[in-house]
Amino acid sequence: MHAEDLQSHALRHDWRKEEVRALFDSPFSDLIYRAQTVHRENFNPNQVQMSTLLSIKTGGCPEDCAYCPQSAHHDAGVEAERLMRVEAVLAEARRAKAAGATRYCMGAAWRAPKDHDLETVCRMVAGVRALGMESCVTLGMLSAGQAERLAEAGLDYYNHNLDSAEEFYGEIITTRTYQDRLDTLASVRAAGINLCCGGIVGMGEGRAERAELLRGLANLPQHPESVPINNLVQVEGTPLYGTEPLDALEFVRAIAVARILMPGSMVRLSAGRENMSDETQALCFLAGANSIFLGDRLLTTANPLPDSDAALLDKLGVEAMPV
Ligand code: SAM
Ligand code: DTB
Ligand code: SF4
């Protein structure tokens, strides 16, 4: 029997609202202890998976996501660019591999890919895999046929986030629905591609909505293999610029609850590390985060410099997770 099957009896998809809220509300030490215990039952606690991101098609996006500097609805100073050429993307992927990344994630500011562009992305996916790296793309909404095409090209992961709790979603995005997102996730799953699906905190939501975002992820038919927890990167010109930043310990709580709800998933300490202290990041690892983005850029915003990440991981005795 496959290891995942042996473990799956322990994975729950029926978390109740009050249960998740009670986890969030528990004393900090109790929460971290439980999260770290679950973490150790499932993973080597001193290993972290490293992914690198590249924006293969930047800006000019027709969606109105209130957090996003790439939306054409906001003026965040991001120039709209065309889809990159395959060779240029692969040159970047080689650099990321040399710097220690094992997964290469390519993001496009699209509502949904055009079939013609999808073929170009498929060549990028094949090229990344030929380098011996895992491939991940995030291209917006997918039809069932497009997901199958990506699967044929050998895509390992598709990133598509729930982004927020269903109740809060309408405050953040009006141009596509929460149900649209669930439909894309179902198409990706049906095609047999691993799912990278998480959300953003620090968008002005309360603890209740943070709990509901995580419950929404855990109660999907199957837990996403990767769960990125993004702390909002505030970009001037976006509607969420100037939002009261989330307290660092509240962010750590979100990581811990994600770890407890989805014990076998990789929990990624995703956007927002640039504004986090070493101490906060260390607490996130203690709370069960075991994946990060490596490299000085996310899509359009800054990520910690490789040297400072190397120093932090060294101080913590953390090593790269083998693929
Ligand atoms: N356009 C595609 C889509 O939205 O499905 C793919 C790219 S989009 C930039 C991928 C994810 O990045 C979003 O779902 C959101 O969770 C995250 N993101 C975008 N801007 C962010 C920001 N300012 N801070 C934190 N996360 C952000
Ligand atoms: C995800 O959940 N976080 C990454 C990835 N998926 C594509 C993106 C973070 C983007 C942060 C804002 C930017 O750099 O544009
Ligand atoms: Fe477009 Fe994605 Fe940004 Fe939304 S998050 S505006 S869909 S690039």
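**Notebook: three ligands in one chain**

I began with ligand 3 and listed its neighbours: Cys61, Glu63, Cys65, Tyr67, Cys68, Ser71, Ala109 and Arg176. I note here that the model is predicted. Next I sorted that shell by class. Around ligand 3 I count five nonpolar residues, one polar and two charged. Then I asked where ligand 3 sits. The space it takes is the largest cavity.

**Overall fold**

I stepped back to look at the whole chain. It has twelve helices and ten strands. I checked the radius of gyration, which is 18 Å; the globule rule gives 20 Å for 323 residues, and the two are close, so the chain is as compact as a globular protein of that length. I also took the box along the principal axes. The C-alpha atoms fill roughly 50 × 40 × 40 Å.

**Ligand 1**

I turned to ligand 1 and found 16 residues surrounding it. The closest are Tyr67, Thr138, Asn161, Asp163 and Val233. I had already met Tyr67 in the list for ligand 3.

Which residues make polar contacts with an oxygen atom of ligand 1? I found Asp163, with a polar side-chain atom 2.7 Å from an oxygen atom of the ligand. I also found Arg176, where a side-chain N or O atom is 3.1 Å from an oxygen atom of ligand 1. Arg176 is also on my list of residues around ligand 3. For a nitrogen atom of ligand 1, I noted a polar backbone atom of Ala108 at 3.1 Å.

I then looked up how much of ligand 1 is covered. On its own it has 550 Å² of accessible area, and the protein covers 90% of that. By class, its shell holds eight nonpolar, six polar and two charged residues. I looked up its location too: ligand 1 sits in the largest cavity.

**Ligand 2**

I repeated the search for ligand 2. There are 13 residues around it. Asn161, Asn230, Leu299, Thr300 and Thr301 come nearest. Asn161 was also among the closest residues to ligand 1.

I went through the polar contacts in turn. A side-chain N or O atom of Asn161 is 2.9 Å from an oxygen atom of ligand 2. Asn230 places a polar side-chain atom 2.8 Å from an oxygen atom of the ligand. For Ser270, I recorded 3.5 Å between a polar side-chain atom and a nitrogen atom of ligand 2.

How much of ligand 2 does the protein bury? I get 88% of the 410 Å² that the ligand exposes when taken alone. I sorted this shell as well. It has six nonpolar and seven polar residues, and no charged ones.

Last, I checked the location of ligand 2. It sits in the largest cavity, where I had also placed ligand 1. The space taken by ligand 3 is the largest cavity too.

Conventions. Residues numbered from 1 in each chain as written. Chains lettered and ligands numbered in written order. Predicted model: local features only at pLDDT ≥ 70, side-chain atom pairs only at ≥ 80, totals over all residues. Heavy atoms only, no water. Near = heavy atom within 4 Å. Polar contact = N/O pair within 3.5 Å; in protein donor to acceptor, adjacent residues only side chain to side chain. Areas by Shrake-Rupley, 256 points an atom, 1.4 Å probe, with all protein chains shown as cover. 1 Å grid on protein atoms, 1.4 Å probe; cavity = no way out; pocket = protein on both sides within 12 Å on 5 of 7 lines; lining within 4 Å. Sits in = over half its atoms within 2 Å of the grid points. Nonpolar A, V, L, I, M, F, W, Y, C, P; charged D, E, K, R; others polar. Helix = DSSP H or I, 4+ residues; strand = E, 2+ residues; numbered from the N terminus. Rg over C-alpha atoms; globule rule 2.2 N^0.38 Å.
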